[in-house]
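Here is a friendly note to help you find your way around this structure. Please have the viewer open beside you as you read.

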Amino acid sequence: MEKLVIKGPTSLKGEVTISGAKNAAVAILPATLLIDGICTIENLPNISDIKISCEILEKLGAKITWNDKNSITIDTTNITTTQAPLDLTSKFRASYYIIGSMLGRKGEIEVGMPGGCKLGARPIDQHIKGFESLGAEVTVEKGTIHAKAKKLKGTSIYMDVVSVGATINVMLASVLAKGTTTIDNAAKEPHIVDVANFLNTMGADIRGAGTDVIKINGVEKLHGNATYSVVPDQIEAGTFMLAAVATKGDILIKNCITKHLESVTAKILEIGGNVEDNGDSIRVWCNKRPGKANIKTLPYPGFPTDLQPQMGVVLSIANGTSIINESIWESRFQYTDELNKMGAKITAQGKTAFFEGVKKLYGAPVYSTDLRAGAALVIAGTLAEGTTEVYNLEHIDRGYENIEGKFRALGAKIERVTE
Ligand code: UD1
């Protein structure tokens, strides 16, 4: 078993370069199934979710060549089966994008129910509603989803909830459908724009991604023969912004799109941190104890739920009592029990948590309960006095490339140890 051993406290100082966005990359890889040809994808984060995505594509018949640790060339000319490997697809959430892509490419797919972080109920009714509106038949039996369509036909789909996954999945299924598909009440996250840009580069006709109405004019074929670079990860960038504030540090975060970070920037300024926006890099520093704040997580451009635990660490040591209202996921406060082991005073009740700020956290053995919770615990271990051991690293490794290397380069005393 591996653990991260962190000796604190350290103020993080220096520069960090952000990797490609996990949530864009895990959609772009299955999107390559819509191409009858070859393409190259660069700026892929080197994380376990990407490795599993590649394995799934290979099992479906794709040929993948790794150009370096962040770039692949993928040939999807011969897709040989419509059965995705159930064991692999159940390992992470975004495996559901195989459904939209394979419906478009082959008109059929059998796939395991998606896995991923345990954040409470994670229904996929809006995905299914979208596929059915396009003319597919979808059955869910014994943990397996079977989707089938003779020919998908463009239509208008209203999303009952703002869902990143359903928006992307319906977009994927519509690219090669006959006629025009309109998605109303679409999610607007940067990775939705990135997936649309990727597909358009390959010959799709998608308009309005990044707004709440997306129009997809079906095309006959995607041509491939192009190179695409994944957008920088705004959640990783936000993680380092909040790490700078939490540790009273000074970090220059390079390779990010600062426009994607406006909600985080606003909250950091509100609690007394400093932010210098350089367009493609952002410097965040803080030389005093942060102030309290109230936060509600919301779909983009609101404060992202995926930065809620990292913000929770900052508020756990803030001056005063803060409240976080988690409006996206029902069980996203499991990390607060771990922070309380380190001396925090947090009371979570349902979707609301109260953070009575303490002056210091103290090192303790703690367990990542999900991906972003894991990152939050690494920040907490860095600012805490004494030794913190973070367990359950498989969560962190799903979404952060070389987290210990990046923290170490900023001065943290952090080691990965095998027990
Ligand atoms: C994506 C992100 C995840 C992030 C989340 C919200 C990926 C791979 N994961 O997850 O990191 O936390 O967006 O920003 O991109 N819902 C339904 N029915 C559906 C689909 C969703 O009711 O069919 C609800 C969910 O329960 C949740 C809300 O809609 O309350 C948002 O979920 P959604 O945006 O779909 O999240 P994911 O795409 O799974």
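1. A good place to start is Trp 329, where a polar side-chain atom is 3.0 Å from an oxygen atom of the ligand. That pair is a polar contact, meaning N or O atoms within 3.5 Å of each other; inside the protein one atom must be able to donate a hydrogen and the other to accept it, and residues adjacent in sequence count only if both atoms are side-chain atoms. Next, look at Ile 328, which places a polar backbone atom 2.6 Å from an oxygen atom of the ligand. Asp 125 has a side-chain N or O atom 2.8 Å from a nitrogen atom of the ligand.

2. The protein buries 87% of the 740 Å² that the ligand exposes when taken alone (areas by the Shrake-Rupley method with a 1.4 Å probe).

3. A word on the basis: this is a predicted model, in which local features need pLDDT of at least 70 and side-chain atom pairs count only at pLDDT 80 or more, while totals for chains, interfaces and linings use all residues. Residues are numbered from 1 along each chain as its sequence is written, and side-chain values use heavy atoms, with hydrogens and water left out.

4. Which residues are closest to the ligand? They are Gln 126, Ser 163, Val 164, Asp 306 and Ile 328, out of 21 that surround the ligand (a heavy atom within 4 Å). By type, the shell holds nine nonpolar, seven polar and five charged residues; here Asp, Glu, Lys and Arg are charged, Ala, Val, Leu, Ile, Met, Phe, Trp, Tyr, Cys and Pro are nonpolar, and the others, including Gly, are polar.

5. Helix 5 (125-133) and helix 6 (164-174) are the elements that give two or more residues to this shell, and helix 5 gives the most, with three. Helices are DSSP runs of H or I with at least four residues, strands are runs of E with at least two, and both are numbered from the N terminus.

6. Why does the ligand lie between two domains? Domain 1 (2-19 + 232-418) and domain 2 (22-229) both give residues to the shell, so the ligand lies between them. The bounds come from an automatic or database domain assignment.

7. Please also check the backbone. Most peptide bonds are trans, yet the one from Gly 8 to Pro 9 is cis, with omega near 0°. Pro 9 is in the loop between strand 1 (2-8) and strand 2 (13-17). Another cis bond joins Tyr 300 and Pro 301, with omega about 10°.
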